[in-house]
Amino acid sequence: MSEQPSEPTRLSAKQHGVTRKRIDPNALDVTDHLTDAGFQALLVGGCVRDLLLGVQPKDFDVATSATPEEVRRLFRRSRLVGRRFRIAHVRYGRDIIEVSTFRKSQSSEAHDERLHDASGLILRDNVYGSLHEDAFRRDFTVNALYYDPVSGEVLDFVGGLKDLAANQLRFIGEPRVRIREDPVRILRAVRFQAKLGFSLDPAIVAEFPQTAPLLAAIPSARLFDEVLKLFMSGYAAKAWELLAPSPLCAALFPVTPPEANLVQLTMANTDARIAENKPVTPGFLIAVLLWEDYLARTAMYAVTSRPAEARALAASEAVSMQQQVTSIPRRFSHFARDVWSLQGRLETRLARSVSRVYQHVRFRAAYDFLVFRAASDHAPEIAEAAAWWTTYQECDPEEREAMVDARRSTQPKRKRRRRRRSKSSGN
Ligand code: ATP
Ligand code: MG
């Protein structure tokens, strides 16, 4: 890897055409303050890449020569976050600007046990460096471009502009080494491929099989965050299409059948909802990813346990299988369990429970889930139930009453539970 300080390629504002108007004023406020205090401060990473591609960046990250503590002292509304990778968050209302200190690439440190484990995984990443070094420690060339707000220039130390023009994702340095340092980078490769429509360096694709087992060493909370970024950013369908046939899929989702129609449908629908600014929840995604496994376990336990018990056992196990890889915050696993347990009730539509099911907080999600199942399973009885609930929601209360009555006549009467009369009771 060439790391001799060399002059970066510079593009003037006139050459790259990005105007300051397209940049978050809060990010510019941060860089202004830092430069006034005598530090170097530039925009970096995804925001510069996206600006050059003509895409509106979702957030603006700042890189600076100031240490996190110096940033903390300079901005009243700031706090330090992260241990492995310490950065400052500067708050502007609901907007947060991430400010990271220039860091060195750890591959340049002759193998240092304090920083790497035996497999090459980076344990700590808080060795500060120069702007030039900061460029080389980043993952992809197109993610290592800087925008200097003072001169208006874009700076390229690693050939990122050339790769950007060629729609190419390439690691800075040896793919194998960079992936060993941090295997999550391979998921980032898939994510940027999906988001940007870039092609992956074949040397990266060649690393998929060897990288899959390395994900086991990554903290489950970090993998959950990465999964959210893959599927909740508006390009989930593409991300799943890339992931499903790869060995990374089983490593990330050990109990999800990669070819599941339901998953594909949901990913596409998630993208559509995001495009329409409709809310999306990871709970729904969890419900979809673990559905097949939940069903199989329910059937297995139903042999020996009562149905409700079988469902509860199956739900706990399906969730815990996934939790061995990615954490699942409790609110999302509860969401999934509610959606699953409502499926049977939505299908049977027992007259006496229709209105209770309809008033359940998760009714809407469970109904959506049923509709996706109907579309993906090609099962006429599920399609019939989904259509029934569609009509039910569109009806006025009287018509609903009639729908329920019609069902009542087809359903067996509830068996009277025999109550043991206590002889001593007065009635
Ligand atoms: P987006 O915000 O569009 O998802 P991004 O490129 O900004 O993409 P972030 O996760 O916000 O991605 O990271 C910001 C920058 O930090 C990246 O562009 C990259 O330069 C660097 N970076 C992030 N994660 C890593 C990593 N695991 N290894 C090396 N560099 C990284
Ligand atoms: Mg970013």
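Which residue stands opposite valine 99 in strand 6? In this predicted model, that position is taken by alanine 88. The strand pairings are described below, followed by the surroundings of ligand 1.

Strand 5, residues 87-92, and strand 6 run antiparallel and are joined by five bridges. Two residues separate the strands in this hairpin, and glycine 93 there adopts a positive phi near 60 degrees. Strand 6, residues 95-101, also pairs with strand 3, residues 61-64; the sense here is parallel, and the pairing extends over four bridges. Within the parallel pairing, valine 62 has valine 99 of strand 6 as its bridge partner, while alanine 63 is matched with serine 100 of strand 6. Valine 99 is thus a point of reference for two pairings, with alanine 88 opposite and valine 62 as a bridge partner.

Strand 3 is in turn joined to strand 2, residues 41-44, by four bridges, and the two run antiparallel. In this pairing leucine 43 stands opposite valine 62 of strand 3. Valine 62 therefore has leucine 43 opposite and valine 99 of strand 6 as a bridge partner.

Strand 4, residues 78-81, is connected to strand 5 by four bridges in an antiparallel arrangement. The bridge partner of arginine 79 in strand 5 is histidine 89. The hairpin of strand 4 and strand 5 has five residues between the strands, and glycine 82 takes a positive phi near 85 degrees in it. In a regular strand, side chains alternate between the two faces of the sheet.

Turning to the ligand, the space taken by ligand 1 is the largest pocket. Two elements, helix 3 (46-53) and helix 8 (184-196), each give two or more residues to the shell around ligand 1. Of the elements, helix 8 contributes the most to this shell, with five residues. By class, the shell holds 13 charged residues, three polar residues and one nonpolar residue. There are 17 residues around ligand 1, of which Asp182, Arg185, Arg188, Arg191 and Lys195 come nearest.

Polar atoms of three side chains were examined against ligand 1. For aspartate 182, an N or O atom of the side chain is 2.8 Å from a nitrogen atom of ligand 1. In lysine 58, a side-chain N or O atom is 2.9 Å from an oxygen atom of the ligand. For arginine 188, a polar side-chain atom likewise lies 2.9 Å from an oxygen atom of ligand 1. Taken alone, ligand 1 exposes 590 Å², and the protein buries 86% of that area.

Methods
Residues are numbered from 1 along each chain as its sequence is written. Chains are lettered from A and ligands numbered from 1 in the order in which they are written. This is a predicted model: local features need pLDDT of at least 70, side-chain atom pairs count only at pLDDT 80 or more; totals for chains, interfaces and linings use all residues. Side-chain values use heavy atoms; hydrogens and water are left out. A residue is near a molecule or strand if one of its heavy atoms lies within 4 Å of it. A polar contact is a pair of N or O atoms within 3.5 Å; within protein, one must be able to donate a hydrogen and the other to accept it, and residues adjacent in sequence count only if both atoms are side-chain atoms. Accessible areas come from the Shrake-Rupley method with a 1.4 Å probe; for residues, only the protein chains shown count as cover. On a 1 Å grid over the protein atoms alone, a cavity is a set of points where a 1.4 Å probe fits but cannot get out, and a pocket is an open set with protein on both sides within 12 Å along at least five of seven lines; lining residues have an atom within 4 Å of a point. A molecule sits in a cavity or pocket if more than half of its atoms lie within 2 Å of its grid points. Ala, Val, Leu, Ile, Met, Phe, Trp, Tyr, Cys and Pro count as nonpolar, Asp, Glu, Lys and Arg as charged, and the others, Gly among them, as polar. Two strands pair if DSSP finds at least two bridges between them.
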